[in-house]
Structures are given as structure tokens and as C-alpha cells.
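Please go through the sheet, the salt bridges and one helix of the model shown here, reasoning from the computed geometry in each case.

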Amino acid sequence: MTKRGAEVGIIMGSQSDWPTMKQAAAILDELGVAYETRIVSAHRTPDRLVSYARSAKERGLKVIIAGAGGAAHLPGMTASMTQLPVLGVPIQTKGLKGIDSLYSIVQMPAGIPVGTLAIGDAGATNAGLLAAQILALADPGLAARIAAHREKQTAAVAENPKSE
């Protein structure tokens with residue numbers, strides 16, 4: 001899916017990653033940030049990955065959020081082919097609970113950075129927020145929407161616990 005004027009790309013290695021990555025899309029929707037979504041496997045669709053990463057900036061993207069599980073090469077390979085910021089979201093796996101994904105994304109060699117978030121839904125949500133914060137550096141309206149989102153979060157936290 002591509003939204004007109006997309007500034008954020010949300011990519012994932014397979015359809016099974018969407019339940020996690022849709023958290024990034026949801027927060028971007030809430031903040032009014034246009035994004036596109038694609039399935040781009042580093043291992044199964046390498047030509048698609050090369051095309052996507054190399055054309056991202058000229059297509060108007062400013063940040064890429066890449067979710068991957070297991071060997072999790074998608075964020076690092078994407079970062080190696082673009083100068084845009086890449087935020088990596090480790091997808092929780094069955095065998096190793098996402099620790100394998102986390103290690104694969106976070107252990108980038110010096111010179112090819114990937115901003116790595118938490119495993120799973122929290123990481124995807126925070127990747128969406130972080131992408132929005134990056135864009136907000138040049139967009140005062142978005143900065144105001146982010147501030148309102150934080151105020152809403154703060155207001156939703158009770159001061160005292162409820163009695164049982």
C-alpha cells in the first residue's frame with residue numbers, strides 16, 4: 001500500500017511480519033504521517049530489496065522502518081543501500097523469541113547504522129513514533145501532534161491505583 005506523499009517506508013520480510021509492523025502504521029496514521037508498506041525479503045526477493053532501497057530517497061521517503069525476524073538481514077541490507085535513516089524492528093520468532101532477530105539487527109558494523117528498537121509490537125510502535133519525531137524536526141505541525149499525543153498518554157495514567 002502506498003499513500004500519496006509517503007515520507008516513511010514500512011518494509012517487512014514476509015506477510016507474517018504484518019501483525020507486528022501494523023503497529024508502526026497505526027501510530028503514523030494517528031499522527032497523520034503518510035507512509036507506504038511493502039514486503040521486501042532480503043533473502044527471497046533481493047532484487048526487490050535493491051530496487052526499493054536505492055530508489056527510496058528519490059521517491060520522497062525520508063525514513064525507512066524495516067521489520068525482520070530470524071536472520072533479520074533486511075534492516076542492515078536496506079541501510080547499506082540508502083543514506084536515509086533506517087529503523088530496525090526485530091520480529092518475535094517462535095524458536096528464539098526474537099533474540100535472534102534483535103542480535104542480527106543491532107550488531108551492525110561501524111559505518112552502516114541501523115536504529116534498533118525493541119522486539120515485537122512495542123518496537124514497531126516506537127519505530128513509528130521515532131520516524132515521526134525525525135520528520136517533526138522540519139515539520140512544526142507534526143511536532144505539535146506528537147506533543148499532543150504525549151500529553152494524551154500522560155493524562156491517561158491514573159495517579160492512584162484502583163482499590164480491588
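Q: Which residues of β3 point one way and which the other way, and are they buried or exposed?
A: In this predicted model, strands (E, at least two residues) and helices (H or I, at least four) are DSSP runs, numbered from the N terminus. In a regular strand the side chains alternate between the two faces of the sheet. In β3, Val63, Ile65 and Gly67 point one way, whereas Ile64, Ala66 and Ala68 point the other way, and all are buried, where buried means under 20% relative accessible area, exposed over 50% and partly exposed in between, with a 1.4 Å probe and protein chains only. The count of buried residues in β3 is accordingly six of six.

Q: What is the order of the strands in the open sheet, and which are the edge strands?
A: Two strands count as paired if DSSP finds at least two bridges between them. β3 is joined to β1 by five parallel bridges, and β3 also pairs with β4 in the parallel sense over five bridges, while two bridges join β4 (residues 86-90) to β5. The five strands have the order β2-β1-β3-β4-β5, and those that pair on one side only are β2 and β5.

Q: Which residue stands opposite Ala68 in β4, and which is the bridge partner of Met12 in β3?
A: The parallel pairing of β3 with β4 places Ala68 opposite Pro90. In the parallel pairing of β1 with β3, the bridge partner of Met12 is Gly67.

Q: Which residues are linked in a network of salt bridges?
A: Side chains of opposite charge can pair when their charged atoms come close; a salt bridge here is a side-chain nitrogen of Lys or Arg within 4 Å of a carboxyl oxygen of Asp or Glu. Glu36, which is buried at a relative accessible area of 3%, meets Arg38 at 3.9 Å, N to O, and forms another salt bridge with Arg59, the closest N and O atoms being 2.8 Å apart. That second pair links Glu36 in strand β2 (residues 35-39) to Arg59 in the loop between α2 and β3, 23 residues apart. The network therefore consists of Glu36, Arg38 and Arg59.

Q: How many residues apart are Glu7 and Lys62, which form a salt bridge?
A: The closest N and O atoms of Glu7 and Lys62 are 2.6 Å apart. Glu7 counts as partly exposed at 24% relative accessibility, and Lys62 is also partly exposed, at 42%. The pair links distant parts of the chain, Glu7 lying in the segment before β1 (8-12) and Lys62 in the loop between α2 (46-55) and β3 (63-68), a separation of 55 residues.

Q: Why are Leu142, Ile146 and His149 on the same side of α6?
A: These three residues of α6 are buried, and the exposed residues Pro140, Glu151, Thr154 and Ala155 are carried on the face turned away from the buried side. An α-helix has 3.6 residues a turn, so residues three or four places apart point the same way. Leu142, Ile146 and His149 are on the same side because, measured by the directions from the helix axis to the C-beta atoms, they cover an arc of only 55°.

Q: Which numbering and confidence limits apply to these values?
A: Residues are numbered from 1 along each chain as its sequence is written, and side-chain values use heavy atoms, with hydrogens and water left out. Totals for chains, interfaces and linings use all residues, whereas local features need pLDDT of at least 70 and side-chain atom pairs count only at pLDDT 80 or more.
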